[in-house]
2 protein chains.
Amino acid sequence: MTRTGDLLPSWRPGPTRDVLVDFLADATAVPTVDRVACFDNDGTLWCERPTYVQFDFFVDELTARAQEDPTIGSSPEFAALLSGDHAAIGELGLERIAFALTGLFEGTTASAFAARAREFMDRAVNAALDRPLRRVVYQPMLELLDELRRLEFTVAIVSGGGTEFVRAISQDLYGVPPELVVGTLIKYDFTRDDQERPVLRRTGHLEGDPNEGATKVTNIQTSLGRRPILAAGNSGGDREMLEWAAAVDGPSLALLVDHDDADREFRYLSAAETFAEPEPITDVGARLGWTIVSMARDWDQVFPPAVA
Amino acid sequence: MTRTGDLLPSWRPGPTRDVLVDFLADATAVPTVDRVACFDNDGTLWCERPTYVQFDFFVDELTARAQEDPTIGSSPEFAALLSGDHAAIGELGLERIAFALTGLFEGTTASAFAARAREFMDRAVNAALDRPLRRVVYQPMLELLDELRRLEFTVAIVSGGGTEFVRAISQDLYGVPPELVVGTLIKYDFTRDDQERPVLRRTGHLEGDPNEGATKVTNIQTSLGRRPILAAGNSGGDREMLEWAAAVDGPSLALLVDHDDADREFRYLSAAETFAEPEPITDVGARLGWTIVSMARDWDQVFPPAVA
């Protein structure tokens with residue numbers, strides 16, 4: 001069990017890395033069918049600050065639309081977004097903003113939506129970090145995904161974000177195929193074109209509930225049909241998923257990323273900001289015996305090295 | 001392209017087999033990510049006569065429950081089922097019967113349900129065919145699944161039956177993992193036990209619509225995130241899925257199994273029996289240019305050879 005030299009090179013030696021290495025060794029005794037790992041995306045696999053990547057994508061689309069048709073900015077939601085009026089955005093509320101943005105792609109086919117998302121991801125940057133969005137993924141987590149797959153784990157992404165947005169880049173960024181992405185779904189309409197051929201178009205409505213909290217657990221069962229023995233997250237919306245993984249018989253791992261690295265990324269408490277949790281998620285995790293990943297302490301490198 | 005000697009040995013030489021062989025050759029030019037094949041289950045991968053396998057399973061459970069608690073037979077649905085009163089079953093209607101049977105497993109966990117389904121499949125037989133249920137799968141289709149996977153296809157089952165029932169046997173019978181089974185879903189309840197640990201239990205209600213017709217297409221997109229270039233089915237409920245596959249750009253295949261073999265299996269028209277289609281599904285398929293598989297003509301062997 002000692003190939004620690006090349007194993008997880010961006011994880012600094014210490015208690016967190018020891019827990020990971022021990023879990024990986026123990027997991028080889030678990031039947032392959034039960035080697036399932038579920039990772040949250042925003043704040044767990046890639047950076048979610050200063051804004052969600054998917055939010056940037058929607059605002060990018062809105063901005064392009066407004067250049068073609070300025071009247072689009074007449075709704076209070078779009079007016080606030082186009083002018084970057086954070087007070088107005090906060091007053092309208094994220095739910096109303098999200099609903100308005102979702103409507104931008106009503107009528108779009110799945111392939112056109114995926115192409116648009118990839119086009120955006122190929123050029124957009126995180127200005128605060130001065131990095132392309134494709135390079136704000138966490139290098140230590142990429143190494144963990146690879147190691148899990150080497151051990152024949154089924155590795156899934158279980159995101160509060162839009163399923164189809166994450167699918168557009170999941171194979172490329174994370175090596176995760178579309179059927180292993182579980183997220184918030186948009187309902188589709190089955191229609192026919194003028195030659196009676198079937199066409200599938202996005203509606204402006206959700207299919208089921210947003211993929212957060214207990215819904216992550218029920219969606220893991222309905223979408224994947226298996227229970228994870230490893231779950232990783234960073235916010236209150238991941239709590240039930242981490243508890244679900246931690247409560248299996250046999251080896252299990254609940255990993256919580258603590259954003260405590262103001263120098264290299266951001267320093268913030270997750271839970272308190274978007275969820276009405278009675279305590280910060282790091283306190284919950286400590287109480288429940290989860291493994292808390294300190295970005296500042298445990299990660300030798302946060303992002304992938306620059307492309308040559 | 002001539003390894004036809006060992007390719008699909010249970011398919012008799014002729015036009016149908018030629019179409020399959022040509023499609024498999026053409027598909028190697030398709031990007032791997034687009035090599036997706038979706039198979040209906042009942043009547044396409046395994047026998048659905050004289051009764052659906054899942055129906056037999058539910059009645060088996062009902063019978064066992066009635067031995068422990070005879071009062072369970074007091075409802076009109078269960079009384080009709082327990083006495084095998086086909087007239088009464090027909091009068092109550094399949095929808096009401098199915099709802100009553102679904103309620104049998106309300107409160108059951110996913111793992112307990114899967115264990116029960118496997119226990120049943122290990123001993124149950126199709127009396128009309130004098131074969132164990134595990135051996136009423138179609139040998140020519142198993143060969144096709146294997147060949148598709150050899151060509152790096154993602155092979156999914158898209159069934160009108162219960163997702164969790166099919167998942168319980170899909171890896172074992174078909175080599176298809178649970179996340180590639182798309183079917184009719186039961187809603188789960190996230191609850192907690194007396195030690196506050198999360199527990200997931202089946203409800204008595206569906207999650208979304210039954211997986212038939214256009215819903216098969218929308219569920220393929222939401223569950224798998226990819227579009228099939230091959231779809232196979234046998235009934236009116238498969239029509240939209242076959243049209244969806246047939247309408248892609250590039251190589252595609254829509255396969256319709258025609259149950260025309262009264263000697264070795266059953267002879268019946270699918271569509272007219274359970275769907276209000278204006279024409280038999282074989283006529284629809286012929287009109288739309290699908291490949292119609294005649295069991296009597298195209299299959300050298302219908303079921304797997306007896307186990308030694």
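Where in chain A does Asp130(A) lie? Asp130(A) sits in the loop that joins strand S2 (125-126) to strand S3 (131-132) of chain A. Its phi is near 55°, a positive value in a residue other than glycine. Most residues other than glycine have a negative phi, and most peptide bonds are trans. Please keep in mind that this is a predicted model.

## Two cis peptide bonds

The backbone has further points to look at, one in each chain. The table sets them side by side.

| Peptide bond | Form | Omega | Place of the proline |
|---|---|---|---|
| Arg49(A) to Pro50(A) | cis | near 0° | loop between strand S1 (36-39) and helix H2 (53-68) of chain A |
| Arg49(B) to Pro50(B) | cis | near 0° | loop between S1 and helix H2 (53-68) of chain B |

## The sheet of chain B

Let us move on to chain B. Here 7 strands form an open sheet with mixed pairing, and their order is S6-S5-S4-S1-S7-S8-S9. Strand S6 (198-207) and strand S9 (291-294) of chain B are at the edges, and each has a single partner strand, so one side of each is left without a neighbour in the sheet. On average, neighbouring strands of the sheet are turned by 30° against each other, direction ignored.

Within this sheet, strand S1 (residues 36-39) of chain B pairs with strand S7 (residues 230-233) of chain B in the parallel sense, over 3 bridges. To find this pairing in the viewer, look for Phe39(B), which stands opposite Ala232(B) in S7(B). Helix H10 (residues 239-246) of chain B packs on the sheet, where it touches S1, strand S4 (154-162), S7 and strand S8 (253-258) of chain B. The direction of H10(B) makes about 160° with that of S7(B).

## Two helices that cross in chain A

Back in chain A, helix H6 (residues 110-121) and helix H8 (residues 163-174) have axes that come within 9 Å and cross at roughly 60°. H6(A) and H8(A) are therefore oblique to each other, and their crossing is right-handed. On the H6(A) side, the contact is made by Ala110(A), Phe113(A), Ala114(A), Ala117(A), Arg118(A) and Met121(A). H8(A) contributes Glu164(A), Phe165(A), Arg167(A), Ala168(A) and Ile169(A). Sorted by class, the contact of H6(A) with H8(A) has 8 nonpolar and 3 charged residues, with no polar ones.

## How the two chains meet

How are the two copies placed relative to each other? A turn of 180° and a shift of 0.0 Å along the axis lay chain B on chain A with an RMSD of 0.0 Å. The two copies are thus related as by a two-fold rotation axis.

The contact between the chains takes 27 residues from chain B and 27 residues from chain A. On the side of chain B that touches chain A, at least two residues each come from helix H8 (163-174), strand S5 (181-192), S6, helix H9 (214-224) and H10 of chain B. H9(B) gives the largest share of that side, 7 residues. By class, the residues of this side of chain B divide into 14 nonpolar, 5 polar and 8 charged. Of the interface residues of chain B, 100% are also interface residues in chain A, so the copies meet through the same surface.

Two elements of chain B link these views: S6(B) stands at an edge of the sheet and also supplies residues to the side that touches chain A, while H10(B) packs on the sheet and supplies residues to that side too.

Conventions. Residues numbered from 1 in each chain as written. Chains lettered and ligands numbered in written order. Predicted model: local features only at pLDDT ≥ 70, side-chain atom pairs only at ≥ 80, totals over all residues. Axes fitted to C-alpha atoms, helices over the stretch in contact; angles between N-to-C directions. Helix = DSSP H or I, 4+ residues; strand = E, 2+ residues; numbered from the N terminus. Parallel < 35°, antiparallel > 145°, perpendicular 65-115°, else oblique. Left-handed = near helix turned anticlockwise from the far one by under 90°. Contact = placed C-beta atoms within 7 Å. Nonpolar A, V, L, I, M, F, W, Y, C, P; charged D, E, K, R; others polar. Least-squares fit on C-alpha atoms with pLDDT ≥ 70 in both. Pairing = 2+ DSSP bridges.
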